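Q: Could you walk me through reading a few features of a model? I'd like the general idea and then the case at hand.

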Amino acid sequence: MIRTRLTERLGLDLPVMLAPMALAGGGELAAACAEAGAFGLVGGGYGDLDWTRREWAILTRRLANSAAARHAGCGFITWKLDQDASALDWVLDQPLLPQAIFLSFGDPRPYASRIARAGVRLICQIQGLAELPAAIEAGAEIIVAQGGAAGGHGAVAATARSTMVFVPEAADWLAAHAPGVMLLGAGGIADGRGLASVLMLGADGALVGSRLWASREGLAAQGAKEQALAADGDATARSPIFDVLRRKDWPAEYDFRALRNALHRTWEGREAELRANPAAAWAEFDAGAAAGDFTRANVTVGEVTGLIRDLPGAAEIVRRMAAEAEACLAGASRLIVNP
Ligand SMILES: Cc1cc2nc3c(=O)[nH]c(=O)nc-3n(C[C@H](O)[C@H](O)[C@H](O)COP(=O)(O)O)c2cc1C
């Protein structure tokens with residue numbers, strides 16, 4: 001078994017956390033991860049109260065009275081909470097309390113005292129080193145350093161960090177300024193090789209989104225998962241195109257990685273034109289989404305799409321990842337030869 005500060009402090013069997021994935025990571029997926037010994041986060045995303053209520057109820061039904069209830073939490077998109085924080089307030093008032101609230105994409109400080117008062121851990125995902133002081137000031141117990149390979153939202157392509165460099169840089173910063181705060185690597189981790197790598201880079205574990213999106217419990221359409229299964233890692237791109245098509249008003253510093261499908265390709269390099277005159281593209285996107293046609297609707301998966309070769313249950317994915325990582329770490333000593 002792999003032991004890190006994350007497994008020790010959170011009582012986990014595996015140093016893996018399910019990313020909170022808006023609309024795709026619900027109660028079943030988070031509960032399956034928690035039961036398998038990882039940490040599961042419900043994707044509260046845009047803070048839709050009805051969705052959060054429904055999915056938290058599913059998780060509660062499955063985990064109530066079980067030790068795995070200590071391994072579950074909920075995530076929100078921070079700039080969206082600035083408009084409406086009712087879903088955060090609601091979940092912090094539940095009999096089965098989330099063990100952690102995960103905030104990403106905005107300033108976590110306005111929510112820090114509310115989360116601390118509830119006795120709940122704060123996890124902050126960051127896209128750049130400059131966000132670290134605010135996350136520490138907010139009382140984050142865990143920082144997630146998100147690299148640009150990640151599926152879904154992250155820093156715009158021009159400034160997105162590489163997981164390979166960002167994780168050790170964040171580890172060094174934390175060692176110097178907040179040594180008790182744990183670090184997870186995110187973006188591009190889909191198997192045991194990736195998990196072992198971020199541990200070597202100085203993280204206490206991995207945050208995994210896309211690989212667990214492509215699971216039996218993930219709420220994405222089966223057709224979307226099959227597109228991801230068929231694609232290789234060259235097939236995704238970061239851009240604002242799907243945010244415009246979905247009428248999501250994201251701040252300019254973030255964009256979105258998904259499969260480059262036919263509709264995306266149509267608008268690549270023409271984003272200003274799309275923003276100026278979106279009506280026809282909206283209609284095409286909406287028709288594609290309604291029909292489950294993923295040449296038009298988005299398939300939200302990261303670069304790791306090229307490493308996804310099956311769609312098993314989440315428990316199998318995380319256990320496989322941990323077993324492979326153990327084998328990688330145990331085997332690594334064979335690289336050292338005595339002269
Ligand atoms: C389908 C999907 C939805 C996501 N939604 C959210 C979200 O609502 N909030 C958030 O903080 N991150 C979200 N993310 C990003 C994850 O937190 C995480 O950084 C990312 O999945 C890690 O990279 P990976 O996809 O290569 O594992 C999403 C990712 C995916 C794939």
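The dialogue below goes through a ligand shell, a helix pair and a single residue.

Q: What should I know before starting?
A: This is a predicted model, where local features need pLDDT of at least 70, side-chain atom pairs count only at pLDDT 80 or more, and totals for chains, interfaces and linings use all residues. Residues are numbered from 1 along each chain as its sequence is written.

Q: Which residues come nearest the ligand?
A: A residue is near a molecule if its C-beta atom, placed from the backbone, lies within 6 Å of it. Here 31 residues surround the ligand, with S104, A150, G151, G152 and G209 nearest.

Q: And which element gives the most to that shell?
A: Helices (H or I, at least four residues) and strands (E, at least two) are DSSP runs, numbered from the N terminus. In this model α10 gives the most, 3 residues.

Q: How do α9 and α16 cross?
A: Fit lines to the C-alpha atoms over the stretch in contact, and take angles from 0 to 180 degrees between N-to-C directions. The axes of α9 (residues 192-200) and α16 (residues 314-332) come within 7 Å and cross at roughly 60 degrees. That makes α9 oblique to α16 (under 35 degrees is roughly parallel, over 145 roughly antiparallel, 65 to 115 roughly perpendicular, the rest oblique).

Q: Is R265 buried or exposed?
A: Count other C-beta atoms, placed from the backbone, within 10 Å of its own: 20 or more is buried, 12 or fewer exposed, in between partly exposed. R265, found in helix α13 (residues 262-267), has 12, so R265 is exposed.
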